[in-house]
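Student: Could you take me on a close look at the nonpolar core of this protein? I'd like to see how that part fits into the rest of the chain.

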Amino acid sequence: MTKVAIFASGSGSNFENIVLKVDKGELNNIEITSLFTDHHDAYCIDRANKLKVATHINEPKNFESKSAYEQHLIQLLKREEVEWIILAGYMRLIGPDLLDAYEGKILNIHPSLLPKYKGKDAIGQAFDSGDNVTGSTVHYVDSGMDTGEIIEQRQCDIKPDDTKEALEERVKHLEYELYPSVIAKVIK
Ligand code: GRF
């Protein structure tokens with residue numbers, strides 16, 4: 001069983017979905033050691049408390065540099081013998097310190113069919129684009145914004161009468177299947 005930490009900044013519904021799948025025995029290749037978040041009031045902390053997952057709350061503004069922040073995270077990760085990092089709505093670029101420490105072992109999920117609509121509000125970008133399909137992508141993390149090697153994508157329709165909220169819901173449902181399935185295949 002491989003030890004994995006999940007990083008999130010916001011709601012944490014993907015985090016919760018992965019933990020529930022592990023608890024149900026549907027993802028038996030991994031053990032979730034903890035949730036790492038960069039916001040003291042992020043909703044993912046409430047979810048972690050309910051799920052009895054340990055949390056590490058570290059705000060970069062309390063460190064003298066990005067490198068100092070990431071070195072602190074690395075210390076915590078190593079203490080828990082974490083081998084892989086799963087980003088699930090972590091709204092921050094991974095810096096050279098974490099990339100060096102976890103080379104090839106950081107995954108991210110992004111709510112678009114990359115390379116389309118990188119960065120913030122990918123759902124809004126797709127919604128405004130006039131495209132009739134969008135989806136979600138799981139990829140390895142590199143130093144760029146949503147630029148790492150693509151592992152797998154799933155797509156869904158953008159319907160003529162969609163709202164952005166309805167589209168977001170549809171994409172999230174794809175993600176709840178896609179991310180665990182990639183995690184099961186990639187993390188050994
Ligand atoms: C997901 O749509 C994911 O693709 C993106 O951020 C969102 C996180 O949602 N990176 P949640 O916090 O898991 O609900």
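Tutor: Happy to! One term comes up right away: the radius of gyration is taken over C-alpha atoms, and the globule rule is 2.2 Å times the number of residues to the power 0.38. Keep in mind that this is a predicted model. Because a compact globule with 188 residues would have a radius of gyration near 16 Å, the 16 Å of the protein chain agrees with that rule. Buried residues make up 51% of the chain.

Now for the frame around the core. The chain has six helices and seven strands, and along the sequence they follow the pattern β-α-β-α-β-α-β-α-β-α-β-β-α.

With that in mind, let's step inside. The largest nonpolar core holds 28 residues, and Ile18, Ile30, Ile32, Tyr179 and Ile183 have the most contacts within it. Several elements give two or more residues to this core, including strand S1 (2-8), helix H1 (13-23), strand S2 (30-37) and helix H6 (164-186). The largest share, five residues, comes from H6.

Ile30 makes a good place to pause. Beyond its neighbours within four places in sequence, Ile30 is in contact with Met1, Thr2, Val4, Ile18, Val22, Ile183 and Ile187. Apart from this core lies another one, of 18 residues, with Ala5, Val82, Leu87 and Ile106 among them.

Finally, let's return to the whole chain. Among contacts with a separation of 6 or more, 64% join residues 24 or more positions apart.

Methods
Residues are numbered from 1 along each chain as its sequence is written. This is a predicted model: local features need pLDDT of at least 70, side-chain atom pairs count only at pLDDT 80 or more; totals for chains, interfaces and linings use all residues. Side-chain values use heavy atoms; hydrogens and water are left out. Helices (H or I, at least four residues) and strands (E, at least two) are DSSP runs, numbered from the N terminus. Buried means under 20% relative accessible area, exposed over 50%, partly exposed in between (1.4 Å probe, protein chains only). Contact means heavy atoms within 4.5 Å. A nonpolar core is a set of buried Ala, Val, Leu, Ile, Met, Phe, Trp, Tyr and Cys residues joined through side-chain atoms within 4.5 Å.
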